[in-house]
Amino acid sequence: MTSSEEAQALLAGAKKRLDYARSNHESEMYGPATSLAYYAVFYAAQAVIAHHRQSAKTHRGVQNLFWQLAVEGSDFPPETARIISTLETHRLKVDYTALIEVTKEDAAEAIHQAETFVKEVTAWFQRHRPT
């Protein structure tokens with residue numbers, strides 16, 4: 001698989017996780033919806049990293065490498081790039097704190113942020129994909 005094919009597969013995975021997040025939200029499963037919103041962003045960030053023929057071994061590594069490649073080394077908006085760390089914080093609370101209650105509104109906001117991030121990554125690829 002080429003780096004371009006890997007990047008496209010990861011971006012497709014991001015979009016699939018967004019669909020799963022929306023479906024969980026509609027089913028009133030707000031915790032899983034929030035977690036899936038994070039993973040949509042995580043996969044989208046990995047797509048950009050794969051495009052550069054690089055990889056990271058940890059979630060923090062993906063965040064740092066994405067920032068380096070897409071924000072510092074390119075034209076990805078910093079305010080949008082920060083979504084990944086915000087959603088990771090929410091995901092960690094949801095996935096590892098037994099007593100946390102995620103509201104419908106909280107999950108909707110996480111999905112909205114993930115949609116913003118994935119949309120911007122998609123636009124980034126349109127600007128930077130070799131023709």
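This passage describes how the helices of a predicted model pack together, what fills its nonpolar core, and where a few individual residues sit.

A good place to begin is the core. The largest nonpolar core holds 41 residues, and the members that touch the most others are F66, F76, F117, V121 and F125. Helices α1 (residues 3-26), α2 (residues 30-51), α3, α5 and α6 each supply at least two residues of this core. Helix α2 gives the most, with 13 residues. In soluble globular proteins, nonpolar side chains tend to be buried together.

Two of these well-connected members deserve a closer look. V121 belongs to helix α6, which spans residues 104-128. With a relative accessible area of 0%, V121 falls under the 20% cut-off and is therefore buried. Once neighbours within four places in sequence are left aside, V121 is in contact with L11, A44, V48 and F76. The C-alpha atoms of V121 and T80 lie 9.6 Å apart, although 41 residues separate the two in sequence. F117 touches V41, A44, A45, F66, F76, T80, A81, I83 and I84, again not counting residues up to four places away in sequence. A44 thus appears among the contacts of V121 and among those of F117, and F76 is likewise listed for V121 and for F117.

Turning to the helix pairs, α5 (residues 83-96) is a handy reference point, and its packing against α3, α6 and α2 is taken in turn. Helix α3 (residues 59-72) packs on α5 at an angle of about 165°, and the two axes are 11 Å apart. This angle is over 145 degrees, so α3 is roughly antiparallel to α5. The crossing of α3 and α5 is right-handed. On the α3 side, H59, R60, V62 and Q63 take part, and they meet I84, S85, E88 and R91 of α5. Sorted by class, this contact of α3 with α5 has two nonpolar, three polar and three charged residues.

For α5 and α6, the packing angle is about 150° and the axes are 10 Å apart. These two helices are therefore roughly antiparallel to each other as well. Here α5 passes α6 in a left-handed crossing. The residues that make the contact are I83, I84, T86 and L87 of α5, together with A110, Q113, A114, T116 and F117 of α6. By class, the contact of α5 with α6 has six nonpolar, three polar and no charged residues. F117, already met as a well-connected member of the core, is one of the α6 residues in this contact.

The remaining pair is α2 and α5, which pack at an angle of about 145° with their axes 9 Å apart. The crossing of α2 and α5 is left-handed. Helix α2 contributes G31, T34, S35, A37, Y38, Y39, V41, F42 and A45, which meet I83, I84, L87, E88, H90, R91, V94 and D95 in α5. This contact of α2 with α5 comprises ten nonpolar, four polar and three charged residues by class.

T34 offers a close-up of that contact. This residue is placed in helix α2, and it counts as buried because its relative accessibility is 3%. Leaving out residues up to four places away in sequence, T34 touches H90, V94, V102, A107 and A110.

K104 brings the description back to helix α6, where this residue is placed. Its relative accessible area of 46% makes K104 partly exposed. Neighbours within four places in sequence aside, K104 is in contact with H25 and Y30. K104 and E26 are 78 residues apart in sequence, yet their C-alpha atoms are 9.3 Å apart in space.

Finally, two loop residues stand out by their backbone angles. Most residues other than glycine have a negative phi, and most peptide bonds are trans. E28, in the loop between α1 and α2, has a positive phi of about 65° although it is not a glycine. R53, in the loop between α2 and α3, also has a positive phi, near 60°, and is a residue other than glycine. E28 is exposed, with a relative accessible area of 60%, and R53 counts as exposed at 70% relative accessibility.

Terms used: Residues are numbered from 1 along each chain as its sequence is written. This is a predicted model: local features need pLDDT of at least 70, side-chain atom pairs count only at pLDDT 80 or more; totals for chains, interfaces and linings use all residues. Side-chain values use heavy atoms; hydrogens and water are left out. Helices (H or I, at least four residues) and strands (E, at least two) are DSSP runs, numbered from the N terminus. Buried means under 20% relative accessible area, exposed over 50%, partly exposed in between (1.4 Å probe, protein chains only). Contact means heavy atoms within 4.5 Å. Axes are lines fitted to C-alpha atoms, for helices over the stretch in contact, and angles run from 0 to 180 degrees between N-to-C directions. Angles under 35 degrees count as roughly parallel, over 145 as roughly antiparallel, 65 to 115 as roughly perpendicular and the rest as oblique. A crossing is left-handed if the near helix is turned anticlockwise from the far one by less than a right angle, and right-handed if clockwise. Ala, Val, Leu, Ile, Met, Phe, Trp, Tyr, Cys and Pro count as nonpolar, Asp, Glu, Lys and Arg as charged, and the others, Gly among them, as polar. A nonpolar core is a set of buried Ala, Val, Leu, Ile, Met, Phe, Trp, Tyr and Cys residues joined through side-chain atoms within 4.5 Å.
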